[in-house]
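Please open the structure in your viewer and keep the selection tool at hand. The tour proceeds stop by stop.

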Amino acid sequence: QEKPRYGGTLRILRPTFPKVIGYPNEFSPVESICSLPVLERLNEWDEEGHPIPVLAESWEGDPVNKTITWHLRKKVKFHDGTDWNAEALRWNYRLAIDANRQTDGKYVESMEVLDENTLKMNVTDYNRQMTQENLSWRISISPTAFNKAGGGDKEKSIEWARRNAVGTGPFKIVDFKRDDHITYVKNENYWRKGRPYLDGIESRLIQDPMTAMA
């Protein structure tokens, strides 16, 4: 069997394009897809629809005591060099819940950082889908990069995040121009050793299918 080969740039032509690239509260399906190389979730699904861990190593849902505990992957860094940890996850949840953009966020009564890699949620209601999809699909951005960009002004931070994405994924965005192009480059410090294989990705908007084919 042929072994995986490293190098090269994947070039993509898209008929639709994101308006926002690094502020998940304003994501539509197009934004979510285009952010996948950069921003990661707590878990994903495999080919058979089973949840598999990504930024979370494991999770426990307690329907009796109405708690959800997330055990996070260790030694993961955001693209700006800051730590991915329980406090960063708590911050990202709070950002989404306060904006009413977190599915099932209304059931999250409080959050406790138990240690650097463990976040406990106290919820008013519990169902299995919370840990299989709704809460576990939280996209995380760097709190440090977000706050630094605005200098304490949240609206300035949001405006910056619309044009910049700082996550934990296998690629970094080095150039984003709305309705034109996105340029991704390889994250040399990605936590999955040996990944990614590509050196970069270039995505360009061409709405007319005949022009794209040419």
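The stops below move from a sheet to a core and then to a pair of helices.

**Before starting.** This is a predicted model, in which local features need pLDDT of at least 70 and side-chain atom pairs count only at pLDDT 80 or more, whereas totals for chains, interfaces and linings use all residues. Residues are numbered from 1 along each chain as its sequence is written, and side-chain values use heavy atoms, with hydrogens and water left out.

**Stop 1: the sheet.** Helices (H or I, at least four residues) and strands (E, at least two) are DSSP runs, numbered from the N terminus. Select strands E4, E5, E7 and E6, which in that order form an open sheet of four strands with antiparallel pairing. Two strands pair if DSSP finds at least two bridges between them. The edge strands, each pairing on one side only, are E4 (56-62) and E6 (108-115). From one strand to the next, the twist averages 15°; axes are lines fitted to C-alpha atoms, for helices over the stretch in contact, and angles run from 0 to 180 degrees between N-to-C directions.

**Stop 2: the strand pairs.** Look first at E4 and E5, an antiparallel pair with six bridges. Asp-62 has Thr-67 in E5 as its bridge partner. The hairpin of these strands has four residues between them, and Lys-66 takes a positive phi near 55° there. Next, select E6 with E7 (residues 118-123), which also pair in the antiparallel sense over six bridges. Glu-112 has Lys-120 in E7 as its bridge partner.

**Stop 3: the helix on the sheet.** Add helix H2 (residues 86-98), which packs on the sheet and touches E5 (67-72), E6 and E7. The direction of H2 makes about 165° with that of E6. Contact means heavy atoms within 4.5 Å.

**Stop 4: the largest core.** In soluble globular proteins, nonpolar side chains tend to be buried together. A nonpolar core is a set of buried Ala, Val, Leu, Ile, Met, Phe, Trp, Tyr and Cys residues joined through side-chain atoms within 4.5 Å. Buried means under 20% relative accessible area and exposed over 50%, with partly exposed in between (1.4 Å probe, protein chains only). Which members of the largest nonpolar core touch the most other members? Among its 28 residues, they are Leu-42, Trp-70, Trp-84, Tyr-93 and Met-121. E4, E5, H2, E6 and E7 each supply at least two residues of this core, and H2 gives the largest share, five residues. Centre the view on Tyr-93: leaving out residues up to four places away in sequence, its contacts include Leu-42, Trp-70, Met-111 and Met-121.

**Stop 5: helices H4 and H5.** Select H5 (residues 154-163), where Ser-157, Ile-158 and Ala-161 are buried. These residues cover an arc of only 100° around the axis and therefore lie on the same side of H5; the arc is that of the directions from the helix axis to the C-beta atoms. On the other side of H5, Glu-155 and Lys-156 are exposed. At the N-terminal end of H5, Asp-153 acts as a cap, with a side-chain oxygen 3.0 Å from the backbone nitrogen of Glu-155.

Now add H4 (143-150), which is part of what covers the buried residues of H5. In H4, the buried residues are Pro-143, Ala-145, Phe-146 and Gly-150, and they pack against H2 and H5. After H4 comes Gly-151, with a positive phi near 55°.

Methods: A polar contact is a pair of N or O atoms within 3.5 Å; within protein, one must be able to donate a hydrogen and the other to accept it, and residues adjacent in sequence count only if both atoms are side-chain atoms.
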